[in-house]
Amino acid sequence: MQNQTNLDKLNEKVSQILENYNTLKEDNKTFRIEIVTLKAENEAKNIEIEKLTEANVMKDLEIEEIVEKIESILG
């Protein structure tokens, strides 16, 4: 009888371990998907930052040109 009880306990422990494993496996899958999504969002933001930086540089050049024109007009 005790062997059966030990076997039942072992079976229960193995079942718990498998359940935990499957839960962690699903969590891992969810986290991997989230990582891929966040990487894509990060890349999109980096592209937007690069575009804005380039636009800022162009605006600075325009400002310099305007200042030069004003200076040339003023003498």
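Helix H1 (residues 2-74) does just what its length suggests: at 1.5 Å a residue its 73 residues should span 108 Å (1.5 Å times one less than the number of residues), and the end C-alpha atoms lie 105 Å apart, which agrees. This is a predicted model, with pLDDT of at least 70 needed for local features and 80 or more for side-chain atom pairs, while totals for chains, interfaces and linings use all residues. Numbering runs from 1 along each chain as its sequence is written, and side-chain values use heavy atoms, without hydrogens and water.

The protein has 1 helix and 0 strands (DSSP runs: H or I of at least four residues, E of at least two). Its radius of gyration (over C-alpha atoms) is 32 Å, well over the 11 Å from the globule rule for 75 residues (2.2 Å times the number of residues to the power 0.38), so the protein is more spread out than a compact globule. Along the principal axes, the C-alpha atoms fill a box of roughly 110 × 15 × 5 Å. Just after H1, Gly75 adopts a positive phi of about 105°.
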